[in-house]
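Colleague: I would like to learn how to read the features of this structure one by one. Please start with a single contact and work outwards.

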Amino acid sequence: MTTLIRKLISTSNAAKPVAPYNQAVVADRTVYVSGCLGLDKNTMQLVPGGAAEQADMALKNLQAVLVAADSGVDKVIKNTIFLKDLNDFGAVNEVYKKVFTKEFPARSCFQVAHLPMNALVEIESIAMTGPIKTVTAAD
């Protein structure tokens with residue numbers, strides 16, 4: 001029987017976890033990125049501004065974790081976005097589409113009652129590693 005590898009990801013290029021979890025875990029060729037907040041990695045404080053600014057920083061943290069996991073935004077297959085206020089959906093989308101520009105991953109977006117550190121946005125991802133070929137299926 002082949003042994004599958006579970007690789008724990010930690011990078012200083014992104015904000016550190018605020019609780020007992022890893023920034024990401026790679027299982028075989030699948031990367032599970034923990035929720036990323038809009039934290040400045042140097043101060044561990046939420047960036048000033050609103051949901052758009054926090055989403056921008058959360059996506060920068062997400063990208064750094066993906067790189068550390070030998071992946072990238074082009075290999076993301078699913079994102080989940082948690083918003084403190086769904087009225088921020090449009091502002092967060094504007095930032096999001098600057099990072100995810102084509103071959104969009106699947107995505108869910110929810111308003112939640114409360115996020116860690118009273119954040120306005122949290123983004124988690126599932127991605128792949130290694131070579132990937134994208135095809136489009138349509139009827």
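**From one contact to the whole chain**

Modeller: Let's begin with a side-chain pair: serine 125 and asparagine 79 make a polar contact through their side chains, at 2.3 Å. A polar contact is a pair of N or O atoms within 3.5 Å; within protein, one must be able to donate a hydrogen and the other to accept it, and residues adjacent in sequence count only if both atoms are side-chain atoms. This is a predicted model, in which local features need pLDDT of at least 70 and side-chain atom pairs count only at pLDDT 80 or more, while totals for chains, interfaces and linings use all residues. Residues are numbered from 1 along each chain as its sequence is written, and side-chain values use heavy atoms, leaving out hydrogens and water.

Colleague: Is serine 125 buried or exposed?

Modeller: The general idea is a cut-off on relative accessible area: under 20% is buried, over 50% exposed, and in between partly exposed (1.4 Å probe, protein chains only). Serine 125 has 3%, so it is buried. It lies in strand E6; strands (E, at least two residues) and helices (H or I, at least four) are DSSP runs, numbered from the N terminus. Contact means heavy atoms within 4.5 Å. Setting aside residues up to four places away in sequence, serine 125 touches several residues, including Val31, Val33, Leu62 and Asn79.

Colleague: Which residue would show me the opposite case, an exposed one?

Modeller: Take alanine 113, exposed with a relative accessible area of 77%. Alanine 113 sits in the loop between strand E5 (106–111) and E6. Its C-alpha atom is 6.3 Å from that of lysine 84, although the two are 29 residues apart along the chain.

Colleague: How do I read a helix, and what span should H1 have?

Modeller: An α-helix has 3.6 residues a turn, so residues three or four places apart point the same way. The expected span is 1.5 Å times one less than the number of residues. For the 18 residues of H1 (residues 51–68) that gives 26 Å, and the end C-alpha atoms are 25 Å apart, which agrees. Among the buried residues of H1 are Gln54, Ala58, Leu62 and Val65. The buried residues of H1 pack against strands E1, E2, E3, E4 and E6 and helix H2. After H1 comes aspartate 70, whose phi is positive, near 60°.

Colleague: What does glutamine 54 reach with its side chain?

Modeller: Glutamine 54 is buried, at 4% relative accessibility. A polar atom of its side chain lies 2.8 Å from the backbone nitrogen of leucine 120.

Colleague: How many residues does the largest nonpolar core have?

Modeller: In soluble globular proteins, nonpolar side chains tend to be buried together. A nonpolar core is a set of buried Ala, Val, Leu, Ile, Met, Phe, Trp, Tyr and Cys residues joined through side-chain atoms within 4.5 Å. The largest here has 27, with Val33, Leu62 and Val121 making the most contacts inside it. H1 gives the largest share of this core, eight residues. Apart from it lies another core of six residues, including Leu37 and Leu115.

Colleague: And in what order do the elements of the protein chain run?

Modeller: From the N terminus, β-β-β-α-β-α-β-β. The radius of gyration (over C-alpha atoms) is compared with the globule rule, 2.2 Å times the number of residues to the power 0.38. The chain has 15 Å, close to the 14 Å that the rule gives for 139 residues, so it is as compact as a globular protein of that length.
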